[in-house]
Amino acid sequence: DLFICSCGGTLKDASELEELSGFAGKLPHVGYVRTHSASCTKSGLEVLQSEVKKTLPAGVVIAACSPLWCENRFRAALSEAGINPSVLTIANIREQCAWVCPDRHKATEKAKRLIRAAVGRCALLEPVQCQQFQVNRDVLVVGGGITGVQCSLCLAEMGHKVFLIERQPRLGGHTAMFFHLYQGGSVSPEKLIGGMISRVEGSGRIKVFTSAKLLDLRGQVGAFTASVNTPRGPLTLSVGAVIVATGYSASPVQGPLSGSQRVTTLIELEKTLNEGQESLVLPWSSPHRLRNVAFILDQTSEQDKTVTGAALNDSLLLKRRFGCEVYIFCKNVRVAGDGLEQLYSAARQQGAVIVKYSDSPAVSACDSKLCVQARDELSGQQVQYECDLLVFADSLLPQEETERLARLLKVNLGPDGFYQDDNPWQLPVSSNREGIFFAGCCRGEMDIQQALTDAEAAAGSVHRLLGEDVITKDLDTASIDPDKCVLCLNCLRTCPNHAIQIDHEKQAAAVIELACQSCGSCASECPAKAIQLVNYTDSQMLAQTEPAPKLLVYCCEHSAYPAADLAGRLKIPYSDQASIVRVPCAAKIDLQYLVKDFENGARGVLVLACHEDACQHINGNLRASKRVELGRKILEELNIEPERLELRYLSPMGAQDFVQYVNEMVQRIEELDRRKG
Ligand code: SF4
Ligand code: SF4
C-alpha cells in the first residue's frame with residue numbers, strides 16, 4: 001500500500017500530488033495508492049489503519065514528512081492494525097523535496113525518485129520478529145568506594161542481588177579518608193560513607209568481597225560469568241550486568257618538591273587529621289611544630305567544591321585546634337553550594353588568607369621553610385608567604401587498574417585514560433558493550449554529589465535493562481549465514497559492541513542478538529558476504545539506488561540525516577539532483593554499493609558521516625572513510641575520476657554544512673562532466 005500525504009496542503013502547494021499519485025500507481029509492487037491531507041493526525045492514522053486492515057499489505061510506503069517526525073506514530077498505528085511495523089518505509093517528500101526545491105516541477109520529479117526508491121526497498125523488507133531473552137537480574141559492581149556502594153544500595157532497593165567487589169581490605173575508597181567532607185554541607189565520613197557501608201552490611205541483597213580482584217568476564221548482557229579472586233579462593237559469579245565504579249588515583253606531589261617532608265597532598269593531610277592527631281607534630285614536619293600552612297588548589301584544573309570544602313574545613317581545623325596561620329592559593333573559590341559560603345566566611349573570620357591567582361604560584365625554599373609567591377588578582381599585589389607545610393590539592397588520575405580492566409571487559413578508554421564517556425550519542429554511564437556501565441570518578445573528575453548522582457543513573461540503567469527476567473528485543477540485528485562463513489574473524493574484530501562470538505558447533509561466527517546494535521559494520525567487512533543486517537540487506541540497499549540519481553548522498557541517521565532534515569525545516573534550497581539514502585551508520589556503506597552506484601548511473605556519491613569522536617558506533621565513521629579511500633582507488637582503475645566520490649563529516653545541527661557539501665559536490669560533478677564532454 002502507498003499513502004501520499006499533502007501535509008495540511010503544504011505539499012500540494014509545492015508539487016503535483018495527482019501526478020505523483022498516478023506515477024506511484026504504476027510502480028511495480030504497488031497495489032493501492034491513497035492521498036490524505038494529514039496522515040499523522042488522528043483521522044489520518046485511522047484511515048491508514050482501516051485501509052491496511054482491508055488490504056493486509058506485505059509492505060507499506062508513506063510519502064510524507066521526515067521519518068524523524070512521524071515514523072514512530074505510523075509504526076504504532078500499523079502495529080495496532082495488526083501489520084508488522086518493520087515493513088514500513090517512508091519517502092521523505094517534505095524536508096527533502098517540497099521544502100528545498102523551489103521549482104514545483106523539479107520537486108515533483110525528485111519526489112517521484114524518492115517514492116520509487118522507497119517502493120524498491122519496501123518490496124524486499126521482511127517482517128522483523130521479536131524475541132524474548134531470559135536474563136540474570138543479578139549485578140556485579142566493581143569498586144567499593146562511595147560510587148560503588150551507592151550503586152549497590154540503589155540496585156538492592158530495586159530488587160537486584162548485588163555482588164560488590166573491592167580490591168582494598170575495606171569499603172569506602174578515597175571518601176573514607178576525608179576528615180570533613182563537603183556534601184551539601186559539612187558532614188563526617190561516619191555520617192556519610194560510614195552510614196552507607198552499614199546499610200550495605202545490613203542488606204540481605206548485597207554480598208561484599210573485599211581484597212578481591214576481577215580476573216575475567218565472559219558471556220554477554222543478561223548472562224555474564226565473572227571470575228573473581230578473593231582471599232578465600234577463586235569465585236565464579238553469574239550476573240546479567242556489570243557496573244564499573246573503580247574511582248580514581250590521586251597523583252602524588254610531582255616535580256622538584258616531591259619527597260620533601262614539608263610538602264603533602266590534601267588527601268594525605270585529611271588522612272592524618274582523620275587519624276585524630278592531637279598535636280601539631282605531623283609526620284612530614286617532625287620535629288617542628290607547625291605555624292604556617294599554605295594550600296595550593298586548582299594547579300592542573302579548576303577543582304570541584306569537594307576539594308574547596310575540604311581545604312576550607314582543614315584550614316578552620318588547623319586554625320582552631322592548632323592556632324596555625326593558613327594561606328589558600330586558588331584560581332577561584334567555589335562557594336556555590338549548600339553551606340560552602342558559611343564555611344568560607346568562617347575561614348575568613350578566623351583569619352585564613354585567600355589569594356586568588358591566575359598564574360601558578362612560585363614555590364621556593366627559604367632557610368628551613370618554604371616560600372609561596374603569587375600575584376593576588378583581587379588586590380593586584382604580588383604576595384609572598386612563608387610556610388612550614390605546603391598542601392597541594394591532588395590531581396585525579398585514572399585508577400591504576402583501569403587499563404587492565406578495560407582490556408578484560410573489552411570497553412573503550414577515552415584519550416585521557418578514563419573510561420570513555422565523551423561520545424555524545426551514548427548515555428554517559430553506558431559503555432560500548434551492552435550490559436556494562438561506568439559510574440563515578442572512573443569516568444573523570446567529579447565531586448561527591450555528581451558521583452552519587454552518577455551511581456543512581458548507572459543503577460537506573462541496569463534496572464531498565466534487567467528490571468524483568470526477560471528482555472524483549474526486535475531482531476533487526478545482523479545475522480550470519482553459517483554456510484557462507486569462512487571464519488576469517490573480520491566481523492569479530494570489527495564489531496564495536498563485541499556482539500559477535502564463535503559458534504564452535506557450527507564452526508562459524510554468530511551474532512549475539514541482545515548485544516547487537518544494528519550498525520551494519522560487520523556486514524560491510526565480511527569478505528564472504530555471509531552477514532546481512534536485517535532490513536538493510538545488500539539487495540534492499542541496492543534497490544533504493546537503481547537507477548541512481550545524479551548525486552547519491554548516503555546519510556548516517558545520527559548526524560547527516562537530521563542535518564538534511566534541518567536544512568528542510570529551515571527551507572534552505574539545495575540541488576534537486578541529490579537524493580538521500582539513510583543508513584544506520586556510515587560503516588554500513590559497503591564498497592560494492594559505491595562501485596555499483598556508478599554502474600547504475602550516479603555521476604557522484606557523497607558519504608556523510610558523524611564527526612570524529614562523535615560516532616554512535618565508536619569508529620564507524622573512520623571505517624567508512626577508509627572504505628571511501630579504497631573506493632576512490634577502484635574508481636581510478638575503472639577510469640572514473642576519484643573526485644566523484646567523497647566523504648565529509650558533519651553534526652546533526654549542520655544544516656548549512658549539508659547544503660554546502662551537496663552543492664559543492666553537484667558543481668564538481670557538473671565540472672567533471674563538462675571536461676569529459
Ligand atoms: S567476517 Fe564473514 S566470513 Fe569472516 S568470520 Fe565473520 S561472518 Fe565469517
Ligand atoms: S551490526 Fe554492528 S553491533 Fe551488530 S554485530 Fe554487526 S558490527 Fe556488531
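**Domain 2, domain 4 and ligand 1**

User: In this predicted model, how much area do domain 2 and domain 4 bury between them?

Analyst: Happy to walk through it! The size of an interface is often given as the accessible area lost when the parts come together. Carbon and sulfur atoms carry 51% of what domain 2 and domain 4 bury, and the total is about 610 Å².

User: Where along the chain do I find domain 2 and domain 4?

Analyst: Both belong to the domain assignment of the chain. Domain 4 covers 475-530, while domain 2 comes in two pieces, 139-249 + 398-470.

User: How many residues does each of the two put into the contact?

Analyst: Here a contact means heavy atoms within 4.5 Å. By that rule, domain 4 gives eight residues and domain 2 gives six residues.

User: Which three residues supply the most of the area that domain 2 buries against domain 4?

Analyst: Good one to look up in the structure! Three residues of domain 2 together supply 58% of its buried area there, more than any other three. They are Gln220, Asn432 and Glu434.

User: How many salt bridges are there between domain 2 and domain 4?

Analyst: The side of domain 2 that touches domain 4 has three charged residues, along with two polar and one nonpolar. Three residue pairs are in polar contact across the interface. The count of salt bridges, though, is zero.

User: And which residues come nearest to ligand 1?

Analyst: Around ligand 1 there are 13 residues. By class, twelve are nonpolar, one is polar and none is charged. Those that come nearest are Cys485, Cys488, Leu489, Cys491 and Cys526.

Notes:
Residues are numbered from 1 along each chain as its sequence is written. Chains are lettered from A and ligands numbered from 1 in the order in which they are written. This is a predicted model: local features need pLDDT of at least 70, side-chain atom pairs count only at pLDDT 80 or more; totals for chains, interfaces and linings use all residues. Side-chain values use heavy atoms; hydrogens and water are left out. Domain bounds come from an automatic or database domain assignment. Buried area is the accessible area (1.4 Å probe) that two parts lose on being put together, summed over both. A salt bridge is a side-chain nitrogen of Lys or Arg within 4 Å of a carboxyl oxygen of Asp or Glu. A polar contact is a pair of N or O atoms within 3.5 Å; within protein, one must be able to donate a hydrogen and the other to accept it, and residues adjacent in sequence count only if both atoms are side-chain atoms. Ala, Val, Leu, Ile, Met, Phe, Trp, Tyr, Cys and Pro count as nonpolar, Asp, Glu, Lys and Arg as charged, and the others, Gly among them, as polar. A residue is near a molecule or strand if one of its heavy atoms lies within 4 Å of it.
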